[in-house]
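Thanks for coming, everyone. Please have a look at the model on the screen, and then I'll walk you through it.

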Amino acid sequence: MKRAYNFNAGPAALPEWVLQEAQKSWMDFNNTGMSVMELSHRSKDYEGVHNEAKALLASLLSIPEDYEILFLQGGASLQFTMVPMNLLDNGQTGYYALTGVWAEKALKEAAKIGKTEIAASSKEDNYTYIPEAGDIQVPENAAYLHITSNNTIYGTQWQTFPTGLKVPVVADMSSDILSTPIDVKNFDIIYAGAQKNLGPSGVTVVIIKKDLIKKNPALPTMLSYETHASSNSLFNTPPTLAIYLLSLVLKWAENQGGLEAIATINNKKAETLYNVIDNSNGFYNGHAAKNSRSKMNVTFTLQSDELTKRFLEEAKQAGFVGLNGHRSIGGCRASIYNAVPLEHVEALAEFMKTFQQNA
Ligand SMILES: *Cc1c(COP(=O)(O)O)cnc(C)c1O
């Protein structure tokens, strides 16, 4: 068996160890004679998995006691709706930093629910950079500031986050959660669809400060954070298999040495590809401004559409998967999430150099 060089943007590569562990328990989890998928979500065995995933996440991210961890469904996309539904309850305004397509989508959904404003934007420059965190101003009576920590499609990433604002900060961290240590205290809500850095699709992690969780009988039950917070995310049937795989990914992350160790490898991976781009004399052009470059999604084009197309074709033949840029910007994108091994990134770097030499 040969594993692919998987640079998919999401769903994305999973650690081999996780796949192997899951396979071991596929027919018989924990001597139950059943797979995790076949357990009742009210059983002790499943609850062990569920609570272990929460504990591992709390430990890896050093999540303080005054935050709740929720496992929801509907993807990050449903959070675009749930955030304003739960936070824009008394005519306040939600502020959005527009740094890419996902941020635009979050804003669009919020505008259906309440008042919104754009706090900062790099749209005019085709989302090539992240606005200066220090330049972001929001009035004290704003409901929140929403940011997208890593812009999966454009390959940009906040290098420092806004701090010291007097309003809650909400962050969509779908494509860089667990890639480096963060100070959870600087955020009031963090959410992430699992399928990039946390596991398979099907579960969405929400880390929310407890004082933002309020009972609001006017909200649809399933769309209220309070429903899920007060039931340990077991109000209805959770995506049990996805949460089990999440727990394995978190164990794997812990075994790697935690987020400091993971960040060191991620830095090396990103540097490997950006070095090829920067040393190519313009053969490869990075989309992102250097001070906004993502360590998760490396986006670039070649000198012509023709050459880009040939590059993608030859890369595919050489066993590299998922290098096509998002359909909204084209070009190439290498997604190098936590689970993508350094050796695979090095293989891609070699391929890029050889392609340039032979072009
Ligand atoms: C992938 C992605 C999303 C969409 O996630 P779904 O789980 O498919 O809804 C939203 N935001 C960001 C930053 C993403 O990378």
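At what angle do helix α7 and helix α9 pack, and how far apart are their axes? First, a reminder: this is a predicted model. Now the answer. Helix α7 covers residues 258–278, and helix α9 covers residues 342–358. The two pack at an angle of about 5 degrees. Their axes are 9 Å apart. Angles under 35 degrees count as roughly parallel, so α7 is roughly parallel to α9.

Which residues meet there? From α7 come K268, K269, T272, L273, V276 and I277. From α9 come L342, V345, E346, L348, A349, M352 and K353. Sort the residues of this contact by class, and you get 8 nonpolar, 1 polar and 4 charged.

Next stop, the ligand. How many residues surround the ligand? There are 13 of them. The closest are S77, T152, D172, Q195 and K196. Which helix gives the most to this shell? That is helix α3, residues 75–87, with 4 residues. By class, the shell holds 3 nonpolar, 8 polar and 2 charged residues.

Let's go through some polar contacts. Start with S77. A polar atom in the S77 side chain sits 2.6 Å from an oxygen atom of the ligand. Now D172. One of its polar side-chain atoms is 2.6 Å from a nitrogen atom of the ligand. Then K196. Here an N or O atom of the side chain lies 2.7 Å from a ligand oxygen atom. And how much of the ligand does the protein bury? On its own, the ligand exposes 390 Å². The protein buries 87% of that.

Two backbone details before I stop. Both are in loops. Where is the cis peptide bond between G10 and P11? Look at the loop between β1, residues 5–6, and α1, residues 16–24: P11 lies there. The omega of that bond is about -5 degrees.

The other detail is S62. What is the sign of its phi? Positive, at about 50 degrees, although S62 is not a glycine. You'll find S62 in the loop between α2, residues 44–60, and β2, residues 67–72.

To recap. We have α7 and α9 packing at about 5 degrees. We have a ligand with 13 residues around it. And we have a cis peptide bond joining G10 and P11. Over to you.

Terms used. Residues are numbered from 1 along each chain as its sequence is written. This is a predicted model: local features need pLDDT of at least 70, side-chain atom pairs count only at pLDDT 80 or more; totals for chains, interfaces and linings use all residues. Side-chain values use heavy atoms; hydrogens and water are left out. Axes are lines fitted to C-alpha atoms, for helices over the stretch in contact, and angles run from 0 to 180 degrees between N-to-C directions. Angles under 35 degrees count as roughly parallel, over 145 as roughly antiparallel, 65 to 115 as roughly perpendicular and the rest as oblique. Contact means heavy atoms within 4.5 Å. Ala, Val, Leu, Ile, Met, Phe, Trp, Tyr, Cys and Pro count as nonpolar, Asp, Glu, Lys and Arg as charged, and the others, Gly among them, as polar. A residue is near a molecule or strand if one of its heavy atoms lies within 4 Å of it. A polar contact is a pair of N or O atoms within 3.5 Å; within protein, one must be able to donate a hydrogen and the other to accept it, and residues adjacent in sequence count only if both atoms are side-chain atoms. Accessible areas come from the Shrake-Rupley method with a 1.4 Å probe; for residues, only the protein chains shown count as cover.
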